[in-house]
Amino acid sequence: MSIHILNGPNLNRLGKREPEIYGHTTLAEVEAWSRAAAGDIEVVFRQTNAEHQLIDWVHEAIDSGARGIIINPAGLTFTSVPVMDALKMFPGPVIELHISNIHRREAIYHKSLMSGVVTAVIAGLGPRGYPTAVRSMSEMLSDQAIG
């Protein structure tokens with residue numbers, strides 16, 4: 001059983017980019033927290049600045065039989081119909097994740113194209129939203145196994 005944690009543009013700059021919004025935690029630290037929260041669940045953790053790569057990774061998650069996806073599409077959240085369409089094909093639960101509360105930011109960040117096709121949204125918990133999402137995904141997958 002695996003979950004894929006997919007990160008979009010500029011998240012490789014986490015810890016350096018706008019720390020007043022995103023904090024000082026690096027993506028490597030976020031990955032370590034996510035793996036620790038996953039316990040025995042295999043985690044595929046990736047980041048890209050390329051829209052097509054994010055789409056290919058969603059396709060890969062589908063083809064490999066991944067059980068869930070946690071995705072922080074970053075700026076593509078508000079612009080990428082192709083990422084949204086790829087997520088619609090995934091048969092398992094998908095959690096959309098944002099470090100900041102996108103609804104407290106500028107108006108351009110208020111309308112996520114992804115939210116209408118995902119299972120759940122986590123926003124505004126900072127980098128600690130990642131382990132929260134992993135634990136939530138684990139519970140969703142356990143519930144599916146029981147039901």
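Okay, to kick off: which residues does His98 touch, not counting residues up to four places away in sequence? Keep in mind that this is a predicted model. The list runs Asn72, Pro73, Thr77, Ile122, Ala123, Gly124 and Leu125. His98 itself is found in strand β4, residues 94-98. And is His98 buried or exposed? Buried, with a relative accessible area of 5%, where the cut-off for buried is under 20%.

Right, on to helix α2. That's residues 27-38, so to speak our second stop, and α2 reaches 16 Å from its first C-alpha to its last, close to the 16 Å expected at 1.5 Å a residue. Leu27, Val30, Ser34 and Ala38 are the buried ones in α2. They cover an arc of only 70° around the axis, so they end up on the same side of the helix. Flip to the face turned away from that buried side and you get Ala28 and Ala36, which are exposed. What covers the buried residues? That includes β1, β2 and α5. Just after α2, Gly39 takes a positive phi of about 60°.

Now the packing. The largest nonpolar core has 22 residues, and Ile3, Ile5, Leu14, Phe45, Ile70 and Tyr130 have the most contacts inside it. β1, α2, β2, β4 and α5 each give two or more residues to this core, and the largest share, 5 residues, comes from α5.

Take Phe45: leaving aside neighbours within four places in sequence, Phe45 is in contact with Ile5 and Tyr130, and also with Leu27, Val30 and Ser34, among others. Apart from that core lies another, of 18 residues, including Trp57, Val58, Leu76 and Phe90.

Technical notes: Residues numbered from 1 in each chain as written. Predicted model: local features only at pLDDT ≥ 70, side-chain atom pairs only at ≥ 80, totals over all residues. Heavy atoms only, no water. Helix = DSSP H or I, 4+ residues; strand = E, 2+ residues; numbered from the N terminus. Expected span 1.5 Å × (residues − 1). Buried < 20%, exposed > 50% of the residue type's maximum accessible area, 1.4 Å probe, protein only. Arc of directions from axis to C-beta. Contact = heavy atoms within 4.5 Å. Core = buried A, V, L, I, M, F, W, Y, C linked by side-chain atoms within 4.5 Å.
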